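The following exercises concern the strand arrangement of a predicted model. Each task is followed by a solution in steps.

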Amino acid sequence: MSEERLPVLVLGAARSGLAATRLLLGEGERVVLYDRDPAVLESLDLDAAVERLSGPELPSFAQYARVVASPGVPLAADPRIEPEVDLAAARLHTPLIGVTGTNGKSSVAVLIGEMLRESGFAVAVGGNLGTPLCELVDQPLDWIVAELSSFQLEHARRLRARIAVLLNLAPDHLDRHGTLAAYGAAKARLSELQSADDLLVVNGDDAWARAVAERSPARVLEFSSARLLDDGAFLDGTDLVLRNAGKVELRVAASELSPACRAPLANALASILAAHAAGAAPDALRRALASFAGLPHRSQLVCTRRGVAYVNDSKATNPAAAMASLQAQTRPTWWLAGGRNKRIDLSPLAGAAAGTRAAIVYGEAASELAQVLEGVTEVVRVDTLEAAVEHAARSAQSDDVVLLSPACASFDQYRSFEQRGEHFAELARGLTC
């Protein structure tokens, strides 16, 4: 059999792998889809032409013309393997805005998309969030805004962002990358794959983002919450200001922002800078900042019971995100934390926990969290999130907040942070006490 007739192997049967499979089938390729879990493959409604393989060991790559990998499949660098984002990138004719960083990238990607739509552009938001890039090939769009994870970027070779956004770096996914340096290097690929004709939007308050910018081939635009800038987006007191070539293009008071845009303000600054660079009009930026409703599972108020607010921040799967969430609270807080630690040092959480009513910890990381937080705040250990909500509901007083901001992954008890957040919302809304 000639190499041209060999099938293509797709690794991983989640959203990205399925999108890659459909794209390849549309191009007339024979496709073999592999997933470790046979139950996943059995549950899929696939084209009959797709062969399915499963098992604990990856198939030998030698019998395939190409290998396309989903981001959820951890692999060493291998020239035979093409990441799903590269498969899409080779076929995309729409300019791409790529957003990466540890925290805030989903909200920033969606907010940029809303700003561009307010300006009349045809935009899709996808990548790690929502629609895989392979599904956006040949769509009639002016811009694609992609949230891009370290898993997607670490082996990318062809993905090019006309505008790249670097938000921040904090310890996360060390269970996959091993070290913070390797994790940061994976995210830095977004900038390294740019050219001199591209733009790089960087957080001037983040040491990693500044270091990546220093070696970037692209033209750098900066945003800062701490310094006034001659050119870029920054805070002037509590006003958000966008200045271009010395001219103030936009000034928005913090009071004009929707609640979802206020914490952290750095996300709003990154968004206005990137969207304006892509052609969004100042009035469109202002409207989007005022109307942005935020995303589910990101500091989302799900209900109020007996004057107690229940806030779902299940997306806070690392300590830095949980610390930001705790620091944003303005009312007495009962903090629910736990899950599976991603090999990250949890000790920085102690400073943010000071002043909370209590930390109610559960799941695999409960012992580790309790050790870190003992003596800083009251610590209550329970087994499950359900028990944590019940304890908080019995203890909280009117005007308190019950905050789910786990600082850990969900995979000890839930299949995703979304399922965890939805369960929290169900429990809160079902309270009768």
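**Exercise 1: The nine-stranded sheet**

Task: determine in which sense E7 and strand E8 pair, and which residue is the bridge partner of Val125.

Solution. Strand E8 covers residues 143-147, and its pairing with E7 is parallel, extending over five bridges. Within E8, Val145 is the bridge partner of Val125.

Task: place this pair in its sheet and explain why one side of E7 is left without a neighbour.

Solution. Step one is the strand order: the open sheet has nine strands, arranged E7-E8-E6-E9-E10-E11-E12-E13-E14, and its pairing is mixed. Step two concerns the edges: strand E7 (123-127) and strand E14 (247-253) each have a single partner strand, so one side of each has no neighbour in the sheet. Step three is the twist: on average, neighbouring strands are turned by 20° against each other, direction ignored.

Task: identify the strands that helix H10 touches as it packs on the sheet.

Solution. Helix H10 (residues 282-291) touches strand E13 (239-244) and E14. The direction of H10 makes about 20° with that of E14.

**Exercise 2: The five-stranded sheet**

Task: give the strand order, the edge strands and the average twist of the open sheet of five strands.

Solution. The order is E3-E2-E1-E4-E5, with parallel pairing. At the edges are strand E3 (51-54) and strand E5 (81-83), each of which pairs on one side only. From one strand to the next, the twist averages 25°.

Task: describe how strand E2 and E3 pair, and name the bridge partner of Val32.

Solution. Strand E2 (residues 31-35) pairs with E3 in the parallel sense over four bridges. The bridge partner of Val32 in E3 is Glu51.

Notes: Residues numbered from 1 in each chain as written. Predicted model: local features only at pLDDT ≥ 70, side-chain atom pairs only at ≥ 80, totals over all residues. Heavy atoms only, no water. Pairing = 2+ DSSP bridges. Helix = DSSP H or I, 4+ residues; strand = E, 2+ residues; numbered from the N terminus. Axes fitted to C-alpha atoms, helices over the stretch in contact; angles between N-to-C directions. Contact = heavy atoms within 4.5 Å.
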